[in-house]
Every structure is written in structure tokens, then in C-alpha cells.
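Student: Could we take a close look at one metal site in this model?

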Amino acid sequence: MKRFLLVSTLFASACNQTPPAGPAAGKAYFHQAGCASCHKIGENGSAVGPDLTFVGLRHSAQWLDLFIKDPQAWKKDTLMPKRYISDAARGAIVDYLAQLKGQDWPQGARPWEAASLIKDPVARGRVLYVRAGCVGCHGTDGTGGYPNNNVKGGLIPALNKVADGYSKAELTAKIKKGVPHPEKADPKGPAPLITMPAWGQTLNDAELDALASYLLSLTPAGAQKNDW
Ligand code: HEC
Ligand code: HEC
């Protein structure tokens, strides 16, 4: 299947025919464009950038397209490189990424389900934070600095001071429910493209509890560098 897609992709570009679209074609383009040299999907790929196994749960197709097209236009200092790929190939990559909702991890074998982590909620919460992709919006160890459009201050909140404002129950409830419509800075302006996912749809109570334990353990001084 992979070989067929590669051949048909090359054929389409050589003959200037409509290139293949949809998730299967997008998966082939993802590998051709070298995305897996920095991103994991399931246990394949490497951890130079965020794990994308859950990326379709946390980002809309609209934002994925905009970010992949020109990462620095969204976040000036991002280490995600701009790749010159055709609009059609990018569209197919977005189709592929938007439907990644954890299916590439085998049932019962998500990274935070390792037996060694079950008894240590803070360590488990940290693995969840990184591999479920909180880190892609809230930064390494909750340090923040990630942009959003039309929100006060222009940034997604940092999370390394939540211990000051939240009880554990409040924090768990917040993560569970998410924020589908972040408040607009300009009420007449466009809706923010980044929203806080409702993690209760995907994570169970023990996992949400581990995340809250981890967040409550953070302090602004304690950030480790670039852990994906
Ligand atoms: C040289 C390494 C590298 C390559 C190659 C790369 N990326 Fe990235 N990517 C990153 C890094 C690092 C980030 C995190 C950016 C940040 O934190 O500012 C990122 C972020 C992302 C995000 C946002 C993830 C999130 O959870 O918010 C997506 C989506 C993405 N990359 C897709 C791709 C696609 C598609 C390709 C191939 C066309 C690709 N990347 C190639 C390093 C890379
Ligand atoms: C796609 C981006 C995105 C991802 C991924 C994400 N969040 Fe958020 N998060 C947001 C945004 C945006 C807000 C602010 C919402 C608002 O306007 O109130 C937020 C708010 C929060 C808050 C409230 C912060 C405060 O200052 O009151 C907590 C806690 C939180 N997120 C935890 C998490 C955890 C834990 C994860 C991973 C399981 C996660 N987030 C993943 C975008 C994201």
C-alpha cells in the first residue's frame, strides 16, 4: 500500500494529474516530507518535536493547515521548520493528522499505562502531559509562551502557578471539561483558533487525577528544557 501510494504520488506529479488526497495519502506525504524525523505517531518516529498520536484531539484542521504552511507566522520563535510542500500534499497531511486520536497506540499500551507509572501520579502526570500533548500548547513543564489569536495578552496560559489558584478538584474538573470557547479579547473579532480540549472525553479519572497532581507539583523555577 505504501509503495503504491509513493509510486502514484510521483506519477501524479510527473503527469500533472490530481494528486491523491485523504488520510492514507497524507500519511505517505508525512513520511516523504521527513516529518517523522522529528515527530512520533504511536511508537514510530522521533521525539525532537511534540508527539502527534493525539494531535487530532487537540487541534482543528484549520489550525493544522495554517501552522504547517508557515509555522513562524503563527509562532515567531518556533523550532518547527517551514517545509515547502504543495497545497495538495499539505491538505492530505492535514486530513491524516486531524483523524489521529490515539489509534496508533495499541489498546492498554498508551505510554502512561506502564506499570511503573501507575503508583506514582506525579511521574505519570508528567508522561501524560508530554505524550497527550498538553506540552504543545502550555510549554515544557507549564512554562507557557504559546500564542493564540484574539485572546487577552495573546497567549495560552502558563500552568506552572496553578497551585496558587486551584484546588485539586477544581483543576481536575477544568482539565476534564476544557474550554470550548476561550474569551475573545475583541468581542467583534474572530474566534480564537486554539481551544482547551475536553480531556474527559479521552482520559479516565485516574489519568485526570495524575495530570492534576503533576500540575500542582510545578513551580516557575522548576522547568526542564524541551521535553517532548
Ligand atoms: C526538525 C524537526 C521538525 C520537523 C522536520 C517537523 N517538525 Fe513539526 N514541530 C517541531 C517542533 C520542535 C515543534 C514544536 C514547536 C514549538 O513548540 O514551537 C513542532 C510542532 C508541530 C505541530 C504542532 C504540534 C502541537 O501539538 O501543537 C504540528 C502539527 C507539526 N509540528 C507537524 C509537522 C509536520 C506535518 C511536519 C512535516 C511536514 C513536521 N511537523 C516536521 C519539529 C519538527
Ligand atoms: C490545543 C491547545 C491546548 C492543549 C493541547 C491543552 N490546553 Fe489547556 N488550555 C488551552 C487554552 C486555550 C486555555 C485557556 C482557556 C481559556 O480561555 O480559559 C487552557 C487552559 C487550561 C487550564 C486553565 C488555566 C488557568 O490559568 O486557569 C488548565 C489547568 C489546562 N489548560 C490544563 C491542560 C492540560 C492538563 C492539558 C493536557 C491534558 C491541556 N491543558 C492541553 C489550550 C490547550
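What is the relative accessibility of Met196?

Tutor: Happy to! Met196 has a relative accessibility of 22%, so Met196 counts as partly exposed (20% to 50% relative accessible area with a 1.4 Å probe and protein chains only; buried is under 20%, exposed over 50%). This is a predicted model, in which local features need pLDDT of at least 70 and side-chain atom pairs pLDDT 80 or more, while totals for chains, interfaces and linings use all residues. Residues are numbered from 1 along each chain as written, chains are lettered from A and ligands numbered from 1 in written order, and side-chain values use heavy atoms, without hydrogens or water.

The SD atom of Met196 and NE2 of His138 are the protein donors (N, O or S within 2.8 Å of the metal, 3.2 Å for Na, K and Ca) of the iron atom of ligand 2, at 2.0 to 2.2 Å from the iron. Along the chain, 58 residues separate this pair. His138 sits in helix α9 (residues 135-138), whereas Met196 is in the loop between α11 (168-177) and α12 (205-216); helices are DSSP runs (H or I) of at least four residues. His138 is buried, at 10% relative accessible area.

Six donor atoms surround the iron at angles of 88 to 179 degrees, an octahedral site (opposite donors over 155 degrees apart, all others between 65 and 115).

Both protein donors reappear in the second largest pocket: His138 and Met196 are among the residues nearest its centre, along with Ile156, Pro157 and Val179. In total, 31 residues line this pocket (an open set of points on a 1 Å grid where a 1.4 Å probe fits, with protein on both sides within 12 Å along at least five of seven lines; lining residues have an atom within 4 Å of a point). Helices α9, α11 and α12 each give two or more lining residues, and α11 gives the most, three.

Key: Four donors count as tetrahedral if all angles lie between 85 and 135 degrees; four count as square planar and six as octahedral if opposite donors are over 155 degrees apart and all others between 65 and 115; anything else is irregular.
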